[in-house]
Amino acid sequence: GHVVGRRPGMEAGGELRVGFVGAGRMAQGVAQGVVRAGKVKAANVLASAPSDRNLGAFQDLGCRTTHCNSEVLQRCSLVFLATKPHLLPGVLQEISPAVTRDHVIVSVVAGVTLQTLQQLLPVGTKVLRVMPNLPCVVQEGAVVFARGSCAGEQEAALLKSLLSACGLCEETPESYIDIHTGLSGSGVAYVYLFAEALAEGAVKMGMPSALANKIAAQTLLGAAKMILETGEHPATLRSNVCTPGGTTIHALHELEKGALRATVMNAVEAATTRARELGKR
Amino acid sequence: MSGRHSPFAGAATWAAGPAGRAMSVGFIGAGQLAFALARGFTAAGILAAHKITASSPDTDLPTVSGLRKIGVNFTISNKETVKNSDVLFLAVKPPIIPFILDEIGSDIENRHIVVSCAAGVTISSIEKKLSAFCPTPKVIRCMTNTPVIVREGATVYATGTHAEVEDGKLLEQLMASVGFCTEVEEDLIDAVTGLSGSGPAYAFTALDALADGGVKMGLPRRLAVRLGAQALLGAAKMLLDSEQHPGQLKDNVCSPGGATIYALHFLESGGFRSLLINAVEASCIRTRELQHLADQEKVSPAAIKKTLLDKVKLESPSVSMASASKVSLFSSSWAPNSKKN
């Protein structure tokens with residue numbers, strides 16, 4: 001039926017219904033974030049996927065599930081597209097008849113530009129593109145999003161409010177999204193690698209690995225927290241830790257000898273470049 | 001207090017020595033260091049040229065004529081320098097120091113402040129040498145660098161056992177007229193040598209290479225040198241004037257995706273930072289090594305310029321040399337033998 005005076009993104013009765021087309025890890029992470037933070041009731045979340053494989057995670061959260069993508073569009077006003085990139089065009093074709101001007105379509109699909117999305121969806125659809133990262137699952141994600149041409153400030157504010165449940169969320173120009181991939185999307189893997197290496201060093205020096213891993217992770221967490229909370233430049237924080245002739249400066253020298261900085265820059269550059277390449281296909 | 005540019009700088013005000021009269025400064029050695037300091041002091045107006053004496057057995061050094069041109073009193077007699085000075089700079093190479101001390105030791109009086117600028121030469125080694133002649137020699141150890149010549153030196157000093165606070169302050173006043181000067185504990189001086197002592201050489205190397213980069217990209221050499229030097233000068237000045245960490249200042253210059261960040265990536269790839277850390281470390285360690293050699297082991301007299309040795313011998317016949325064998329520089333057994341009557 002036709003409902004008068006419906007606010008964008010809101011169902012009659014005022015409760016936001018959020019849908020997920022595609023139920024993989026990233027969709028699960030976002031869903032967990034928004035549900036655990038109480039932004040959306042689990043019962044108001046509907047996820048669709050071709051098989052049951054991924055839907056179990058949503059069911060465990062208390063969300064509803066379906067095998068019908070169009071049903072997600074019919075029941076929800078804010079819909080996350082979280083399919084694999086090569087599947088997206090087909091899915092968009094399938095759901096387009098169900099997309100209205102009141103929908104807010106949020107793509108989480110890597111490498112698919114706003115231009116492509118807008119081309120494959122009905123004219124005038126409000127589209128936003130999001131690049132989250134894995135720690136959304138524990139509500140410590142880093143998320144950037146960009147607006148399509150028909151998405152306004154209200155939609156941006158709504159999305160930001162939702163995704164802030166998952167961690168840091170910032171609106172950016174679309175061109176930053178690939179960089180975000182290189183920095184933070186892939187970046188978590190760099191951190192895992194670094195954590196592994198730290199722990200290995202400790203094991204070499206005689207610490208049991210389980211303890212070393214735990215401490216390594218806590219060290220990264222603590223240091224990151226200090227950057228975020230003090231607002232100090234990391235270079236300043238680094239200098240503050242280095243007592244003259246002490247252990248830290250000796251260790252840092254080793255890192256500099258290994259050109260760690262350049263290597264990390266190379267990694268971010270490689271991932272960003274690859275994201276751009278993939279986005280062009 | 002430490003600082004740059006003496007509050008007393010100005011043609012009308014000379015630095016005051018003991019008893020308030022204008023101070024006299026002497027340099028044993030008339031090479032690069034003596035010239036740089038003399039030039040700096042006179043340009044700063046803290047010392048009149050005629051109150052400066054410098055001596056060296058070698059009159060052919062280009063710096064000798066430079067010193068004469070400034071109006072400094074030049075002599076071949078180290079003893080004359082000592083007699084005409086209140087503050088006496090030992091501006092000779094480290095291996096020469098012990099010979100000098102033996103030569104002039106008997107002329108050192110209570111008023112003298114002996115300032116050694118020799119890398120790696122400890123206060124205690126100098127005091128030990130001088131104690132044969134003078135019960136309480138005032139010794140200050142100093143590490144400066146060549147930009148004192150343009151009054152942008154970096155100097156640290158450590159005071160010896162018998163140097164009073166005022167003696168340190170007097171030296172500080174002198175050295176602050178030619179750049180930055182501060183007091184430190186003696187055990188930091190080797191690190192200072194590695195950093196600011198050798199530092200100008202690192203900078204000259206960097207500037208040469210930067211100019212090459214400019215030339216490669218089409219700039220005339222002279223312009224490239226000028227611009228490179230000005231860039232480093234300006235950056236250094238910004239850092240000294242700023243509360244910010246150099247990392248922050250760097251960030252301020254690097255616009256996203258711009259030219260500078262691309263260039264910096266190259267520097268990082270080449271291990272630029274670690275090279276500089278290595279350099280400072282190497283210079284500091286080498287300084288300590290040389291000091292250790294001087295203290296513990298023996299240095300062949302052949303390693304010391306023969307003319308200098310001969311001239312030192314002429315001045316003080318009591319200094320005995322076993323020229324065929326190696327010479328121990330700081331063994332205390334020397335002192336009683338060289339004591340003059």
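The following exchange concerns a predicted model with chains A and B.

Visitor: Why is B:Ser55 called buried?

Guide: The relative accessibility of B:Ser55 is 1%. Buried means under 20%, so B:Ser55 counts as buried. This serine belongs to strand 3 of chain B, residues 52-55.

Visitor: What makes the link between B:Ser55 and B:Thr81 a polar contact?

Guide: The side chains of B:Ser55 and B:Thr81 are joined at 2.8 Å. The cut-off for a pair of N or O atoms is 3.5 Å, and therefore the pair qualifies as a polar contact.

Visitor: Which residues does B:Ser55 touch, leaving out those up to four places away in sequence?

Guide: Among them are B:Phe27, B:Ile28, B:Gly29 and B:Ala30, as well as B:Phe74, B:Thr75, B:Ile76 and B:Thr81.

Visitor: Why is A:Val264 called partly exposed?

Guide: A:Val264 has a relative accessible area of 40%. Buried requires a value under 20% and exposed one over 50%; A:Val264 lies in between, so the term is partly exposed. The residue is located in helix 12 of chain A.

Visitor: What makes A:Val264 eligible for a nonpolar surface patch?

Guide: Patch residues need over 30% relative accessible area. A:Val264, at 40%, passes that threshold, and Val is among the nonpolar side chains that are joined within 5 Å. The patch covers about 360 Å² and also includes A:Phe194, A:Leu198, A:Leu255 and A:Leu260. Two or more of its residues come from helix 8 (187-204), and likewise from helix 12 (260-280), of chain A.

Visitor: How do you know that A:Arg281 is exposed?

Guide: A:Arg281 has a relative accessible area of 72%. Exposed means over 50%, and therefore A:Arg281 is exposed. This arginine is placed in the segment after helix 12 of chain A. Its C-alpha lies 23 Å from that of A:Arg25, with the two positions 256 residues apart in sequence.

Visitor: What is the source of the domain label for residues 186-290 of chain B?

Guide: The label comes from an unreviewed UniProt entry, which gives "domain: Pyrroline-5-carboxylate reductase dimerisation" at those residues. In the model, residues 186-290 of chain B are 82% helix and 0% strand, and the end C-alpha atoms are 16 Å apart.

Visitor: How many helices and strands does chain B have, and what share of its residues is buried?

Guide: Chain B has 14 helices and eleven strands. Of its 341 residues, 46% are buried. The area exposed by chain B is about 17100 Å², with 60% supplied by carbon and sulfur atoms.

Note on methods:
Residues are numbered from 1 along each chain as its sequence is written. Chains are lettered from A and ligands numbered from 1 in the order in which they are written. This is a predicted model: local features need pLDDT of at least 70, side-chain atom pairs count only at pLDDT 80 or more; totals for chains, interfaces and linings use all residues. Side-chain values use heavy atoms; hydrogens and water are left out. Patches are made of residues with over 30% relative accessible area and no salt bridge: like charges are joined within 9 Å, nonpolar side chains (Val, Leu, Ile, Met, Phe, Trp, Tyr) within 5 Å. Accessible areas come from the Shrake-Rupley method with a 1.4 Å probe; for residues, only the protein chains shown count as cover. A salt bridge is a side-chain nitrogen of Lys or Arg within 4 Å of a carboxyl oxygen of Asp or Glu. Helices (H or I, at least four residues) and strands (E, at least two) are DSSP runs, numbered from the N terminus. Buried means under 20% relative accessible area, exposed over 50%, partly exposed in between (1.4 Å probe, protein chains only). A polar contact is a pair of N or O atoms within 3.5 Å; within protein, one must be able to donate a hydrogen and the other to accept it, and residues adjacent in sequence count only if both atoms are side-chain atoms. Contact means heavy atoms within 4.5 Å. UniProt positions are given in the numbering used here, feature names are shortened, and annotations may be inferred rather than shown by experiment.
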